[in-house]
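This report covers a sheet, a nonpolar core and one arginine. Please view the sequence and model first.

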Amino acid sequence: GTFVINPSDTDRKDTITITNYNKVYDAQWHTIEVTGTVEGDQLTYSYDGGKTWTDKLETYKDVTEATVQIMVKVTNPNYSQAVVKPGNVTITPKAVTVTADNKSKKYGETDPDLTATAEGMLKDENGNLDKITYSTLVREKGETVGTYEITVTGAGVQGNYAVTFVPGTFTIEKADRPTDEDKALSVTDYS
């Protein structure tokens, strides 16, 4: 006689787990995680809602425009039912700050160059720090002794970053009073 083993009718949807990825940009590659598979399982993935399938699980590094849905299909010749479950990858912008550097001068002097400092960017695959730009860097008008705001502005979203711009302070200090030597006059006789 012949001994026949038929595929199991066991529903495995509760044993297959899809772990979504939903985190802030970190310059690393990420995707979903599939657990609960057994020997003989074949995994395929769909990125168009199940219209087409591939055995390649895509990875993502950059901020996603929206949540990326990945359909996962698990088949096995030992089980009669395939398991199809959705997974999601969402990478959101990392917060960075651009701060106008505080500057000062003495009354009557020329303004120093205004600068800003960006913090929180990550390095790219080549080890170079990602770039953040700003479009304007100006100080509040005024030339008398006191404090004035330095404003830095630019695009709020730049690539993988959500940028916050922080103002700085420009201080005009009292000038040094001339000393008696500075006030000395000289008289020249032209007779």
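In which sense, parallel or antiparallel, do S2 and S6 pair, and over how many bridges? The two strands pair in the parallel sense, over four bridges. Strands are DSSP runs of E with at least two residues, numbered from the N terminus, and two of them pair if DSSP finds at least two bridges between them.

The model is predicted: local features need pLDDT of at least 70, side-chain atom pairs count only at pLDDT 80 or more, and totals for chains, interfaces and linings use all residues. Residues are numbered from 1 along each chain as its sequence is written, and side-chain values use heavy atoms, leaving out hydrogens and water.

**Sheet.** The order S2-S6-S5-S4 describes an open sheet of four strands with mixed pairing. S2 and S4 are its edge strands, each pairing on one side only. Lys-23 has Ile-91 in S6 as its bridge partner.

**Core.** The largest nonpolar core (buried Ala, Val, Leu, Ile, Met, Phe, Trp, Tyr and Cys joined through side-chain atoms within 4.5 Å) has 31 residues, and Ile-70, Val-72 and Val-89 touch the most other members. Strands that each supply at least two residues include those tabulated.

| Strand | Residues |
|---|---|
| S4 | 42–46 |
| S5 | 68–75 |
| S6 | 83–92 |
| S7 | 94–100 |

S5 gives the most, with four residues.

**Arg-139.** This residue lies in strand S10 (residues 136–139). Arg-139 is buried (under 20% relative accessible area, 1.4 Å probe, protein chains only), at 14%. Its contacts (heavy atoms within 4.5 Å) include Asp-111, Tyr-148 and Phe-170.

Key:
Buried means under 20% relative accessible area, exposed over 50%, partly exposed in between (1.4 Å probe, protein chains only). Lists of a residue's contacts leave out its neighbours within four places in sequence.
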